Amino acid sequence: MGLIRLRPRPAGSRPAPAPEPDAEVLDRSAEPVVVSEPAPEPVPIATPTFGAPATEPTTAAAPTDRVATRVIAFANQKGGVAKTTTTLNLGVAFGEMGYRVLLIDLDPQGNLTMSQGLNPDVIERSMFDVLVHKVPISEIIEKREVDLAVASIDLAGAELALSSLIGRERSLEKALAEVRGSYDFVLVDTPPSLGLLTINAFVAATGVIVPVQCEYLSLRGLVQLENTLAMVRENLNPQVAVEGIVPTMFDGRTLHSREAIEILEESFGELVFRTRIRKTVRYAEAPVKGSSVLKYDPTGAAAEAYRELAREIVAVKEAQDGAQAREHA
């Protein structure tokens, strides 16, 4: 399709994909393929050249050997791609593996906060106060399934309030200095835009993970996201880059979902995680109970998908660190 291929991760950086849970295995020969009218050939997506992933080391084998904190921003300017679902459930999966995890709700909608049973409308102090009034972030962290820096409705005015401040792009980075050494992973849920709140997440981050819905139109926003990241790298944080792309809302019964995966892999190669987050009602039911899907349905296929994604992220990072160590040996 004339798409530019990205530089793959170092050789051997991808672990072999684990078999999917039996509940999710689809019999391709028995199930019907959902096909509507023949669609015209899609317009090729202009593929951005993502920078190399950040290189802070981590380890899954011995999480008690504490290393540099990884700050991962979950970003996609398109809404409804499962950013909040991925931030929460991946954070809880890391917690199950023994890592110390902090979630940060940087979205004025407060969906991450609500997903842990809190009401953003009645929270008195939140990330707004941290970013604008310099309140210590430790004072607005709630102890839930994992630690959570909460959002409130006030966060909707944060961009306007920050616009007149010097160093406004570094407000989150400065706030994290207080607690950075206390966590192995800091996961930041960003709003569906590329505004000042998302820029703050990029400046503070060691890497970015992009949840992408398995639909053609969802893929096109990656170009604009990388343009924003390129500006951040040039002016504010030279190390930040896309660590990986998570295919979400995947439905293997439909031709369109499978074609979307093919376009992703053709365009972005090894940046696409092998774990597919399948479409299921469990992800919508869990927030109603104020919990992650790992707590709501701990033995289900939905929970196992995020456990597998957590293992893959850690394994990929270990392989990258090993390859870099050999290069410098």
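**A tour of β6, β7, α1 and a pocket**

Begin by selecting β6, helix α7 (residues 216–235) and β7, which together make a right-handed β-α-β unit in this model, a predicted one.

Keep the two strands in view and hide the helix. Strand β6 covers residues 207–213, and strand β7 covers residues 242–248. The two run parallel and are joined by six bridges. To see one of the pairings, select valine 210 together with isoleucine 245, its bridge partner in β7. Next, colour β7 by accessibility: seven of its seven residues are buried, that is, under 20% relative accessible area, so the strand is largely enclosed by the rest of the structure.

Now move to helix α1, residues 83–96. Its 14 residues reach 20 Å from the first C-alpha to the last, close to the 20 Å expected at 1.5 Å a residue. How many residues of α1 are buried? The count is 11 of the 14, so α1 is largely enclosed by the rest of the structure. Among the buried residues are Lys83, Thr84, Leu88, Val92 and Phe94. Just beyond the helix, select glycine 98, which follows α1 and has a positive phi, near 100 degrees.

Finally, turn to the second largest pocket, which holds about 460 Å³ of space. Of its 30 lining residues, Ala82, Lys83, Thr84, Thr85 and Met249 are the closest to its centre. Select α1, α2 (111–114) and α9 (282–288) as well, since each supplies at least two residues of the lining. Coloured by class, the lining shows 13 nonpolar, 12 polar and five charged residues.

Conventions. Residues numbered from 1 in each chain as written. Predicted model: local features only at pLDDT ≥ 70, side-chain atom pairs only at ≥ 80, totals over all residues. Heavy atoms only, no water. Helix = DSSP H or I, 4+ residues; strand = E, 2+ residues; numbered from the N terminus. Expected span 1.5 Å × (residues − 1). Buried < 20%, exposed > 50% of the residue type's maximum accessible area, 1.4 Å probe, protein only. Pairing = 2+ DSSP bridges. Right-handed = clockwise from strand over helix to strand, strands pointing away. 1 Å grid on protein atoms, 1.4 Å probe; cavity = no way out; pocket = protein on both sides within 12 Å on 5 of 7 lines; lining within 4 Å. Points joined across faces, edges and corners; volume = space filled by probe spheres on them. Nonpolar A, V, L, I, M, F, W, Y, C, P; charged D, E, K, R; others polar.
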